[in-house]
Every structure is written in structure tokens, then in C-alpha cells.
Amino acid sequence: MSHRLCKPRLEAACWGANPALLLVCALFLAALLCLWSGVSQAAGAAGTEANQSCLSCHQKEGMDDGGAKDLGPHQGLACLDCHRGAQHYPHDDLKLAPCQSCHTPHTEATTGDLHAGVTCQACHWAGEGQTPHRLASTQRPQSCRRCHFAGNKVGAPAAVLPAKGALCLVCHTATLSLPDWPSRLALAGFLLGLLASLGFWFSGGGRGPSSQTMHQGHSGGGAGAGVAALFMDGLLQRRLWRLSPGRWLVHALMVLPFVARMLWALLALALSYAQPGGELTQAMLNKNQPATALFFDLTGLLVLAGAGLAIARRVLRGGVKLPGLPGPDWVGMGLLALVVISGFITEAARLALTGTQDGAWAFVGWALKGMFNPGPGLQTAYGYLWYAHAIVFAAFVVYLPLGRMKHILLAPLNLALRAARGQGSAKGEG
């Protein structure tokens with residue numbers, strides 16, 4: 001009975017309190033708006049007052065550097081936001097604040113290869129007759145023609161080249177896109193070749209290119225065994241080491257450098273989205289950064305060393321093929337060597353074209369850059385060298401699932417599946 005009497009009273013009290021509650025909320029929001037407006041106006045007034053102090057000199061005749069002009073999106077900023085140290089006179093310690101102090105750096109898709117060391121003003125300059133203060137977004141293709149023409153004075157290639165696509169992540173920092181036609185054709189050819197190979201590879205069990213010898217030694221089963229086999233036997237090639245340490249070394253020199261480069265590229269790509277302005281991100285994206293340049297040149301040389309060692313072993317063994325192992329794929333190794341060599345040549349052309357003094361740690365390209373004379377001829381030729389490297393890599397990607405080298409892709413999957421199914425015995429495990 002008491003509950004029935006209290007409920008109407010409680011509802012009446014709530015209804016009676018609602019107008020007051022709404023009034024309190026409205027006053028609270030109004031106070032917040034006034035406070036925010038006051039802070040904004042105070043900041044604007046402070047900026048205007050600081051600007052007036054600067055414009056007392058810089059707006060005078062003969063000092064035409066942007067005073068009292070339309071500054072575009074920077075119109076509402078105080079002069080000191082960009083011109084640090086300008087509050088002191090004379091302006092001996094005047095420094096221009098970096099654009100990245102307010103703006104997020106571009107990703108690899110926008111900056112690309114040669115734009116990593118270019119100032120923001122070079123691309124975001126609004127055009128002829130404008131002062132450096134008025135910067136603008138440059139998403140129009142004609143904006144690129146300010147620098148990209150034969151005979152330019154800034155060391156830019158004459159051709160406007162696309163950003164590196166997803167397939168380039170195997171070797172380079174790149175983007176998750178396919179902006180160039182060699183990459184699009186290569187991906188289509190690779191998928192068709194891979195589909196054609198999968199049926200034969202898995203349907204025949206031990207009769208496929210991955211031999212019975214390479215498949216022995218699994219015990220147990222399950223996902224854990226499959227992952228372990230994928231890492232130990234697919235990536236580190238434990239079974240190949242037991243069969244032939246020399247053949248294992250050739251395989252490791254030709255495969256593991258690409259794995260390391262791809263991991264580097266994927267980490268740099270992730271960091272470029274998570275922390276685009278971070279020091280580590282910019283260092284991993286900058287080809288001329290000492291650690292980055294040294295890493296990529298060393299890994300490229302290791303691949304060439306693997307190809308050379310494979311040829312030397314073949315010559316010394318007199319063409320004798322080890323039982324249970326596929327023969328060498330000379331076409332695949334030749335294409336792979338051409339990819340690395342053309343990459344070094346393109347890198348040397350880049351260093352000569354830009355005239356940078358910061359690329360000495362890319363020691364192979366630095367040693368080869370003397371082959372090129374910087375100037376209009378190289379500015380035109382660089383685009384052809386870039387596309388030649390891309391086409392050679394595209395040819396290798398298309399050939400990979402068709403030649404003997406396809407075991408690099410399919411053997412690890414086959415070994416992992418067999419281990420997950422518990423096929424094979426524990427013989428030979430150490």
C-alpha cells in the first residue's frame with residue numbers, strides 16, 4: 001500500500017524537477033559556449049595584436065612580403081606561429097617553423113621516392129606572383145609540371161612517376177595500391193599462374209614438385225604443428241639444411257633478404273599511418289638515411305651472392321643433381337638477378353639526378369652513380385630506367401608460379417598442411 005502511494009508522489013516530484021533540471025543544463029551549456037568563445041576571441045585578439053606589431057614595419061612600402069594580404073588557410077594565424085623568434089629585434093635568431101609542427105606528413109603514396117627530401121613549399125606554393133605565405137593544396141596534375149620537365153634546375157625526373165604499388169612491398173616501402181600498369185599486369189598473371197599450379201601441387205601428394213624426401217619427418221598434427229612447420233621448414237628450410245647445407249645457403253641468400261626487406265616495408269607502411277611524423281617512421285621511409293640505405297644495399301648484394309653461388313656450385317658439381325631436390329631454375333634466378341641489378345642502376349641514377357650528398361651509405365648506388373651525367377638527358381632517361389626495373393620485376397612475378405621457383409611459394413604451404421594433418425613420421429627430427 002505504501003509503495004502505491006509513494007510512486008505517484010515520486011513521479012510528480014520528477015516532473016516538477018524537470019524544468020529546473022533543464023534550466024540548469026541549459027545554463028551549464030551556455031556557460032561552456034561563452035567560455036569557449038571567450039578563449040577563441042582572446043586567442044584571436046592576441047594573434048591580431050601580435051600581427052599588428054609585425055605589420056607596423058612589414059606593411060610599409062618596399063617590404064612586400066605578405067603583410068595585410070590574403071594568406072589563404074593561414075590567414076587566422078599569428079606571425080609568431082610560423083616565424084619563431086620574430087618577437088626579438090633585430091631578427092638574428094629568426095627561424096621558420098616546420099610545416100609538420102601543425103600538419104601531418106604525407107604518406108608514401110603522396111611523397112613517393114624523390115619527394116621525401118623536398119620542402120613543403122615546393123609543392124604547396126600557390127603559383128606565380130604569390131608570396132611564400134600563401135600555400136595551397138596541390139592535387140592537380142599540372143602542379144607537378146612546375147618541376148617535372150626536361151632541363152629543370154632541381155634535379156627532378158622529366159616524367160611524373162607513380163608511387164610504388166603493393167607488389168613493390170616485397171622489396172621497398174610502398175603503398176597498398178596498384179598505380180602502375182606493370183604491377184596490374186603482374187598481379188593478374190601471378191594469380192592465373194598460381195591457380196594453375198595449385199591443383200597439381202596439392203593433388204598429387206608426394207608426386208608433386210615438392211618431393212617425398214622434403215615431406216618426411218612430421219609427427220602429431222594440429223594448427224601448432226602447421227605453424228611450426230611453416231616457420232622451421234618453410235622459412236628457415238630445416239629439412240633442406242639436413243639434405244644439403246650448400247643448397248640451403250643458396251636458398252637462404254636468395255630468399256631471406258627479400259623476407260627481411262618485406263618486413264621492413266610492412267613495418268614502415270604501418271608506422272606511416274600510425275605515427276606519420278615519428279622519427280622512426282621518417283627514417284625508415286628515407287632512402288638516404290644511413291641505416292636504411294645500408295640495409296637495402298646489403299640485402300640486394302646478398303641476393304646477387306646467392307645467384308652467383310648457385311652458378312658456381314652448378315659448375316663445380318658438373319651438372320650433378322641431388323636426389324629428391326628440384327633442379328636449379330636458371331630463368332628464375334636470371335630474372336631475379338636482373339631485378340636486383342636494375343634496382344641498383346636506378347638507385348645510382350637517382351643519386352646522380354638529385355645530386356644529394358646524403359646517400360653515401362647506399363654504397364652500391366653511390367659507387368655506380370658516376371656512370372651518369374646529371375642533366376636533361378638523365379632527367380628524361382630516369383623514367384625509362386624506373387619502368388624498366390618495374391617491368392623486369394613484373395616479369396619475375398608472372399614467371400614465379402610457372403617455373404621451378406614456385407616451390408618457394410607452395411612448398412611451405414604444403415609442408416604446413418601436411419604437418420597440421422599429422423602426416424609423416426618423426427624420423428630424422430633432431
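**From a buried glycine to the cavities of a predicted model**

Glycine 165 sits in the loop that connects helix H5 (141–144) with helix H6 (181–203), where helices are DSSP runs of H or I of at least four residues, numbered from the N terminus. This is a predicted model, in which local features need pLDDT of at least 70 and side-chain atom pairs count only at pLDDT 80 or more, while totals for chains, interfaces and linings use all residues. Residues are numbered from 1 along each chain as its sequence is written, and side-chain values use heavy atoms, with hydrogens and water left out.

With a relative accessible area of 0%, glycine 165 is buried (under 20% relative accessible area, with a 1.4 Å probe and protein chains only). Leaving aside residues up to four places away in sequence, glycine 165 touches Ala174, Thr175, Ser177, Pro179 and Asp180, a contact being heavy atoms within 4.5 Å. Proline 179 lies 14 residues from glycine 165 along the chain, and their C-alpha atoms are separated by 6.0 Å.

Helix H13 (residues 330–354) spans 36 Å from its first C-alpha to its last over 25 residues, close to the 36 Å expected at 1.5 Å a residue, the expected span being 1.5 Å times one less than the number of residues. At its N-terminal end H13 is capped by aspartate 329, a side-chain oxygen of which lies 3.4 Å from the backbone nitrogen of valine 331. After H13 comes glycine 355, whose phi is positive, near 65°.

The model also encloses space. There are 4 cavities of 30 Å³ or more, a cavity being a set of points on a 1 Å grid over the protein atoms alone where a 1.4 Å probe fits but cannot get out, with lining residues having an atom within 4 Å of a point. The largest cavity has a volume of about 650 Å³, volume being the space filled by probe spheres set on the points. Its lining comprises 38 residues, of which Lys164, His172, Arg261, Gly343 and His389 are the closest to its centre. H13 is among the helices that each supply at least two residues of this lining, as are H6 and H15.

Confidence, expressed as pLDDT from 0 to 100 for each residue, averages 76 over the chain, and 68% of the residues reach 70 or more. Among the elements, helix H15 (residues 376–399) has the highest mean pLDDT (95) and helix H7 (residues 212–215) the lowest (44). Over residues 205–219 the pLDDT is below 50, although this stretch has 45 contacts in the model beyond near neighbours in sequence.

Conventions. Buried < 20%, exposed > 50% of the residue type's maximum accessible area, 1.4 Å probe, protein only. Polar contact = N/O pair within 3.5 Å; in protein donor to acceptor, adjacent residues only side chain to side chain. pLDDT = per-residue confidence, 0-100. 1 Å grid on protein atoms, 1.4 Å probe; cavity = no way out; pocket = protein on both sides within 12 Å on 5 of 7 lines; lining within 4 Å.
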